[in-house]
Amino acid sequence: MTRLAAALLVLLSLAAAGPASSQQPVNPIHPFFAPLDAAGKKVRTAEEMNPEKTCGACHDAAYIAAHTDHRPPKSAATCIQCHVDGGRLDIRPERLDAEGKLRRESIRIGTPRAANCGVCHGLVSDGKSHVSLPPTFEGSPAPGHTWSLTQGEGAIVAPQRMTDSFLDLEGKESLAAPWDVHAAKLVDCIACHYAANSPARTDGKKGALRYLTADPRRQTQAEFLVRPDHRLAEQDCRACHDPMKAHAFLPYRERHMQVLSCAVCHASGLMGPAAEMVDATAVTAAGNPAVRYRNVERRAGDTMNTARIRPLKPLLVERVESDGVRRVAPVNLVSRYRWVSRLDGTDVPFETVARAWREAGDHAPEVVAMFDADRSGRIDEAELRLDTPQKTEFMAARLRALGVNDPVVVGQLDAHPLAHGISTRDRALRDCTACHAEESRLADDYLVAAYLPGGSPPRPPDGARVALSGLLAPSDGGGLVLQRDRDGAPGGLHVLGHSRQAWTNRLGFVAFLAVLLGVIVHGALRYAFGRKRGRVAHPVGEKEYVFGRYERLWHWTMAVSGIALIVTGLEVHGAAGFGFMTLPAAVAIHNTFAVILIVNAFLALFYHLATAAIRNFIPHPKGFMANALEHMTYQARGIFYGESHPRNAAGQKLNPLQQLTYLALLNVLFPLQIVTGALIWAVGKWPAVANAIGGLHHVAPVHNAGAWLFLTFFVLHVYLVSTGRTPTDHLKSMITGYQHVDTDEAAPEGAEP
Amino acid sequence: MTKKYLLLGSMFIAVVAAVVGVAVALQTPPAPPQAAPGFSKRARPHFDHAPVTPAKFDGPQAVTRSCLGCHPDAAHVMKTSHWQWLGEEVVVPGHEGKTRIGKKNLLNNFCLVNRGNEKTCTKCHIGYGWADDSFDFKNPENVDCLVCHEKTGTYVKGMYGIPTKESDLVAAAKSVGTPQRENCLGCHAFGGGGQGVKHGDIDSSLAHPFDEEDVHMGRHGFLCVDCHKAPDHQIKGRAFSVGVEDSNGVACSDCHDGHKHTDARVDTHVKSVACQTCHIPEFAGQLPTKAWWDWSKAGDAARKEDPHGYLKIKGEFTYQQDAVPEYRWFNGTVGRYLLGDKIDPNKVTVLNPPLGGIDDPKAKIWPFKIHRGKQPYDAGFNYLFPPVTGGKGGYWTTFDWDSAFRLGSEASKIPYSGKYGFAPTEMYWPLSHMVSTKENALACTDCHGEKSRMDWKALGYAADPIKTGGRP
């Protein structure tokens, strides 16, 4: 490790040691050891000490170096940084004994604490002092020091309540929940990110033999301490939490848990400052890279601790989680820009870039002249960017003058999955309409970057686990926005209340509207003609019992269920948005009445088959067409002139038009609706069904189309009921069962469809 | 026909109503939190005593006579420890037989002892004129009704409990009613000879506390008597400085019975951790309380006096404020040092050690204020000694310990060997007041983890029970 990097690390850890200090206690069983330099000689200062040689005397340093994710150039972490109290080994002559070995009180070495991880990864606090952002928060980027938890995810790992912090948070008085509930419950970093071969955590080899659920054979503690595999595990929430044991309020729990990452609801509204862009191609007057935040509102003169922070709205994308399952998960996209020397592809050191921008503690006058558009004398946040080719070339020239070979701006798009800073369950997202509505988090446009330095769009790095689906389009102001399918969702998921098939809805609505207009016109005409004719009372004849008790019961149950289903269905679909029901309520009622309707339908089917009443529904082929025509003519013409209703064929209760309608309704539409509805419900309860039928995006539109047809039928049916002797005549007969019979007619009339 | 219409029509309406009802019910927000189950709002009688108060009293006993005229049963207060400064007969742990103990005959490590010092100590007795053993405890007219019941705030008790000349008895008598917080605090906040010296969780800030300082008396406006109910003047509650058990005590569960916390994990603590431990995160927030009282330093005329540091008559002390309690197992009983018990002057004598330990199923972890100090003892007989300090001719007059011991030997009827010294002692004060709001209750990281306020090994655990498990 180079001197410079070491010094930088020492400096950084010193600076960050303030808010992140925690007492790693004295380790009572760590053997005494003397600090050694690279050659193996005993030394007495921290600068001369070489961790590989010192720690490597017992812990296999070569093995660790070969089995770690924390290696250069990504990270320059050493044993000291992670395992020692405060991130530095305090070696002073008075701490060493006569043999040059560290005294027991100075051996504060052990498993990494959250404060150790926080030196590089983000703002970690033990909560004893008020959480605030340190001055180094916007410091120059160093290897590994990415603040990935805070700047990347918007998470602050602290047990303290957010309302007790020093930050300016939106709605701070009501934020009584801790920044991170795991930190508050003493679940620290290594609880999830443990060493891969830790015998305490790993269950050994599993699953090789079908009769073996666990294999107890594993390394001993000593073997682990000598060769700890530093490829750290990445646990999913489900390693400790069983989501099915909670969330009783959630309809279709199984489906939600299958398709959604826990973080979608539990990491919504993170209150840490999350970056949108870390632009190291531009340097502020203070010598830091220009950082733009997604959820921070900085007014003139604000420091990071006084700027107003709002809840972070993440981008929901499909992601392969650490248990290998593909789910919708929230990420924060951060564009990272830097100058690169095109010749050999190496990064231009930030100090060089800073020298190109700054002079004597402030921006160089030539730079100010170039960038200060409003002539205010300083470069504001909005001006500090390479958003024109002239500005880019200007800075490139200055870099070339400092000896950089062929500088070019390169941007990288990092997707940081939100997994930390999870707060208590009362802060979790409970609003169904955040996703299940026309305006849904799953389909919102997402601003990737407000501007593109050097005009080059950021590229995802190799091996990214996140699939960005949508269209990357330019935004106003020269930036980049991710436009997504307004009616869809990531992964092609069908989201009730949000996903819709445009043409099904359009055609269905047109059909409904057409029928509605038709019956209004028909009815108006009837009324107008009727008035012209004057009131002619039909002779009131005898009453005949045509509708049995079961038939009426069956009819009205069907009617009530149907109305309830249509109303709640519209509520679920979201289009009507009556607003007197919540989505879970609408779903619950819809399912209840669906069951009632299905039971009712089957009972009625059985009844009709058993009593042969089904004969009424079967059209008689003889004279069918003539009869049908007769009815149609009556509806189109005769009814206006007060003619009496054409008679049904002998023994038939229903007229041909009714028989045709019911044929289609009972044999096609009802089964289709019931089957598609059952499938939608089944997908919610047994998510594996979704895989079997290839998702809901074909099934749901069919159900939707059927619903429109039912609605249309309902309008027509109710209207035609009014075509009896008096407008309420047929309605009464469906309630009482008795029908008026014309005195000079032999056969009874049937009810209207 | 019409009946059928009606029947079917109403059935239909019923179904529709059911649907709408279900929809609405599924949306109704949860009911707001109720008051604690055992709590009942008490009506405080408001009777204006002005019309029935005589125009003049010829002495404090005359006031009491006048009260007794309408409230003869009020004399029952004489059966209680407020009057007698003695409790019922109890077996004091570590001693044989039953004795009556109380402020009358016990030692503490504050002002030490009442006997012999009645002049100053009985200022806080609810009677008039207790100067020595000749005081008539059976005479109801000696009871001071006004100290608890008057509301002018101008009534002051002087030496021997007799009201000062400036106290307007008539005005005080006219103002009587339900005891306010100031009535109780008038004595209980000044125990030990000054503001907030003794208890740590009782001082004058409880008269008008902020919600966070005391949620019952602040946010909810409780009077002391709302918890320390006094049926027939038998006031509930007895301090563990003068009693060894709390059969007539006050408990959180008197009102908060069977309470379930929002976080179910907290409920698993309830069998080992007292409510007070988490809900009293600190004591002596607004006003400091005495933590250390070294009598051996008293008498130095050359030293500069400072009521929070050194007084010639009392010695050297230190105060603490915003103090973190110390935590011990406690099963509701304490041992008690009685006059004449032998001590080892080289070790700390605990005057009222809380009993119970990790293996005692009745014991829970309680928060304590521990008052430490050095107090006079008889170096020949090796027992703590009750000297006369504020009484006639006592140490505060002569600054002569030997003479103070002799006088004390007569007053308390305990032999004095002629040699005196100062021995280290401790007194434990379990905290139950200054209950903060639930938002300020201790959180997981306050006791578990690196920066813990618990000394697990001292409590008998192998290590932090979050890692090793609690007691079964």
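The exercises below work through a predicted model of chain A and chain B, each with a stepwise solution.

**Exercise 1. Confidence**

Determine how the confidence of chain A and of chain B is scored, and which stretches of chain A have a pLDDT below 50.

*Solution.* Begin with the scores for the model, which are ipTM 0.75 and pTM 0.81. Next take the chains in turn: chain A has a mean pLDDT of 85, with 92% of its residues at 70 or more, while chain B has a mean of 92, with 96% of its residues at 70 or more. Then turn to the weak stretches of chain A, among them residues 5–21, where the pLDDT is below 50 and where the model shows 20 contacts beyond near neighbours in sequence. Residues 744–753 of chain A also have a pLDDT below 50, and this stretch makes 30 contacts beyond near neighbours in sequence.

**Exercise 2. The interface**

Describe the contact between chain A and chain B by its residues, its buried area and its elements.

*Solution.* First count the participants: 29 residues come from chain A and 23 residues from chain B. Then consider the area buried between the two chains, about 2200 Å², to which carbon and sulfur atoms contribute 65%. Of the area that chain A buries against chain B, 25% is supplied by A:Lys128, A:Lys185 and A:Leu186, more than by any other three residues.

Now look for charged and polar pairings, where the rule finds 2 salt bridges across the interface, and where 5 residue pairs are in polar contact, both residues being at pLDDT 80 or more. One of the salt bridges joins the side chains of A:Lys185 and B:Asp263, at 2.2 Å from N to O, which is within the cut-off of 4 Å.

Finally, assign the side of chain A that touches chain B to its elements: α7 (181–184), α16 (549–573), α17 (583–610) and α22 (729–736) of chain A each give two or more residues. Of these, α17(A) gives the most, with 4 residues. By class, this side of chain A comprises 14 nonpolar, 6 polar and 9 charged residues.

**Exercise 3. An aromatic pair**

Classify the pair formed by the rings of A:Phe371 and A:Phe394, and place both residues in their helices.

*Solution.* Over all chains the structure holds 42 aromatic pairs. For A:Phe371 and A:Phe394 the ring centres are 6.4 Å apart and the planes stand at 70°, so the pair is edge-to-face. To place the residues, note that A:Phe371 belongs to helix α13 (residues 365–371) and A:Phe394 to helix α14 (residues 389–401) of chain A, so that the pair, 23 residues apart, links distant parts of the chain.

Conventions:
Residues numbered from 1 in each chain as written. Chains lettered and ligands numbered in written order. Heavy atoms only, no water. Contact = heavy atoms within 4.5 Å. Buried area = accessible area lost by both parts, 1.4 Å probe. Polar contact = N/O pair within 3.5 Å; in protein donor to acceptor, adjacent residues only side chain to side chain. Nonpolar A, V, L, I, M, F, W, Y, C, P; charged D, E, K, R; others polar. pLDDT = per-residue confidence, 0-100. Phe/Tyr/Trp six-rings, centres within 6.5 Å; stacked < 30°, edge-to-face > 60°.
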